[in-house]
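Here are my notes on the two ligand sites, for you to read with the structure open beside you.

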Amino acid sequence: MSSVEPNIVASKEVLDGLDYWRSLPIKQQPIWDDLAEVKLVSETLSTLPPLVFAGEVDHLRTRLAAAARGEAFLLQGGDCAETFAGANADQIRNRVKTVLQMAVVLTYAAQMPVIKMGRMAGQFAKPRSSDTETRGDVTLPAYRGDIVNGYDFTPESRRANPQRMLQGYHTSASTLNLIRAFTQGGFADLREVHNWNKGFRSNPANARYEVLASEIDRAINFMAACGADFEALRRTEFFVSHEALLMDYERPLTRIDSRTGTPYDTSSHFLWIGERTRELDGAHVDFLSRVRNPIGVKLGPSTTPETMKQLIDKLDPEREPGRLTFITRMGAGKIRENLPPLLEAISSMDALPLWITDPMHGNGITTPNGYKTRRFDDVVDEVKGFFEAHREAGTFPGGIHVELTGDDVTECLGGSEMIDEEDLATRYESLCDPRLNHMQSLELAFLVAEELGRR
Ligand code: PEP
Ligand code: CO
């Protein structure tokens with residue numbers, strides 16, 4: 001019997017649909033000065049191998065469906081803006097390690113699988129509040145992320161350079177390769193990950209978590225004593241995600257799956273639409289409505305139940321479990337007021353989106369000494385408000401989305417190391433939004449664990 005692989009081709013309608021966004025209003029794209037060069041780069045991108053495989057994407061959808069039903073929890077974290085320079089072994093390892101460490105704590109507390117997902121291997125394009133930046137009497141294009149232009153404030157560096165999309169692709173490929181190596185090659189061994197958390201426990205400020213930490217200790221020792229199959233625990237699933245913002249990059253990486261004839265955006269497993277590009281009739285929502293990947297949408301404080309419903313109708317018309325994730329980012333002061341009406345509205349609909357909280361983007365402040373920062377306490381307060389609102393509504397608080405790094409940066413205020421305004425100057429490395437450092441990330445995981453335990 002011959003085993004011929006299916007090769008189902010897409011209909012003309014499906015193919016044309018993938019370019020329909022070009023006729024719609026679009027926001028947050030670079031102004032390219034050489035469209036012929038963009039076209040050449042797009043053609044090259046469209047011939048390069050996919051970064052992820054459609055089967056992995058489908059598998060993630062089933063995982064997210066479980067989370068939407070309240071049977072798993074999503075942990076999504078990584079840089080605000082990845083940089084090409086930051087795609088080195090040490091920094092990638094530290095970020096993966098931080099996510100794995102957080103996941104152990106959450107898995108124990110939730111007593112359910114934790115889906116681990118990086119804002120990694122492609123999180124290079126950034127929406128900006130202004131198209132330009134002025135310093136003194138010089139005005140240049142704003143920095144839009146390494147995949148578009150450079151951070152240095154010179155005309156050459158700030159030019160939108162299409163070649164950077166190729167570098168973005170290759171940097172994503174090497175980052176993803178290392179993530180796969182770490183998570184499949186033994187680095188993610190549960191016992192090892194648990195051992196790393198001992199560093200966190202040695203800080204006296206974290207004493208309140210000692211009970212939970214020693215319970216995890218005992219659970220692991222118990223498993224070992226029973227002869228548990230730790231071989232199976234040496235590997236773990238790890239997915240990647242980024243904001244689908246730069247259309248000249250996302251479109252050429254969208255491919256037709258030969259098993260089904262449907263399009264997948266193979267730049268990443270999961271893609272989300274940002275708060276600034278989620279207009280119902282805009283290019284981004286239209287394009288992402290046509291790919292099979294699980295999709296996230298950021299929902300800020302102005303979101304009405306009506307908008308939410310229209311987004312569901314457009315992005316998840318089949319009401320397919322795992323297809324749609326709402327990432328709420330209301331701000332600590334607003335979540336208790338603005339999330340409940342959405343949760344109330346969802347209970348009377350036939351949809352089951354996954355709800356996760358992004359406690360970062362609604363809580364930005366600028367200090368008198370000029371640093372863009374966030375207070376750890378506000379981040380925690382928004383997470384608490386998120387859990388409260390879901391407890392009240394009887395819906396499932398299915399995950400968290402955080403900007404974090406595995407390094408000891410000083411970008412967010414507070415936490416057990418009590419970073420203050422003066423400290424921000426010592427190690428502020430983000431080119432975009434402030435991230436939780438390694439310690440703050442673990443502390444947040446323990447706090448979320450307490451909330452999960454209380455559910
Ligand atoms: C981000 O996630 O980095 C971002 C820009 O978020 P939002 O779209 O929620 O503002
Ligand atoms: Co950000």
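1. A term to start with: on a grid over the protein atoms alone, a pocket is an open set of points with protein on both sides within 12 Å along at least five of seven lines. In this predicted model, the largest pocket is the space taken by ligand 1.

2. Who lives around ligand 1? The residues there are C80, R119, K126, P127, W272, G274, E275, R276, K298, R329, H361 and E403. Sort that shell by class and you get seven charged residues, three nonpolar and two polar.

3. Now zoom in on some oxygen-to-side-chain distances. An oxygen atom of ligand 1 is 2.7 Å from an N or O atom in the side chain of R329. For the side chain of K298, the corresponding distance is 2.8 Å, and for that of H361 it is 3.0 Å. On its own, ligand 1 has 300 Å² of accessible area, and the protein covers 99% of that.

4. Next, the metal. Which protein residues act as donors to the cobalt ion (ligand 2)? They are C80 through SG, H361 through NE2, E403 through OE and D433 through OD, at 2.1 to 2.4 Å from the ion. Along the chain, the donors follow the spacing C-x280-H-x41-E-x29-D.

5. Take C80 and D433 as a pair: they link distant parts of the chain, 353 residues apart. C80 is in the loop between β1 (73–78) and α4 (89–110), while D433 is in the loop between β14 (397–403) and α14 (438–454).

Technical notes
Residues numbered from 1 in each chain as written. Chains lettered and ligands numbered in written order. Predicted model: local features only at pLDDT ≥ 70, side-chain atom pairs only at ≥ 80, totals over all residues. Heavy atoms only, no water. Near = heavy atom within 4 Å. Polar contact = N/O pair within 3.5 Å; in protein donor to acceptor, adjacent residues only side chain to side chain. Areas by Shrake-Rupley, 256 points an atom, 1.4 Å probe, with all protein chains shown as cover. 1 Å grid on protein atoms, 1.4 Å probe; cavity = no way out; pocket = protein on both sides within 12 Å on 5 of 7 lines; lining within 4 Å. Sits in = over half its atoms within 2 Å of the grid points. Nonpolar A, V, L, I, M, F, W, Y, C, P; charged D, E, K, R; others polar. Donors = N, O, S within 2.8 Å, 3.2 Å for Na, K, Ca; no water. Helix = DSSP H or I, 4+ residues; strand = E, 2+ residues; numbered from the N terminus.
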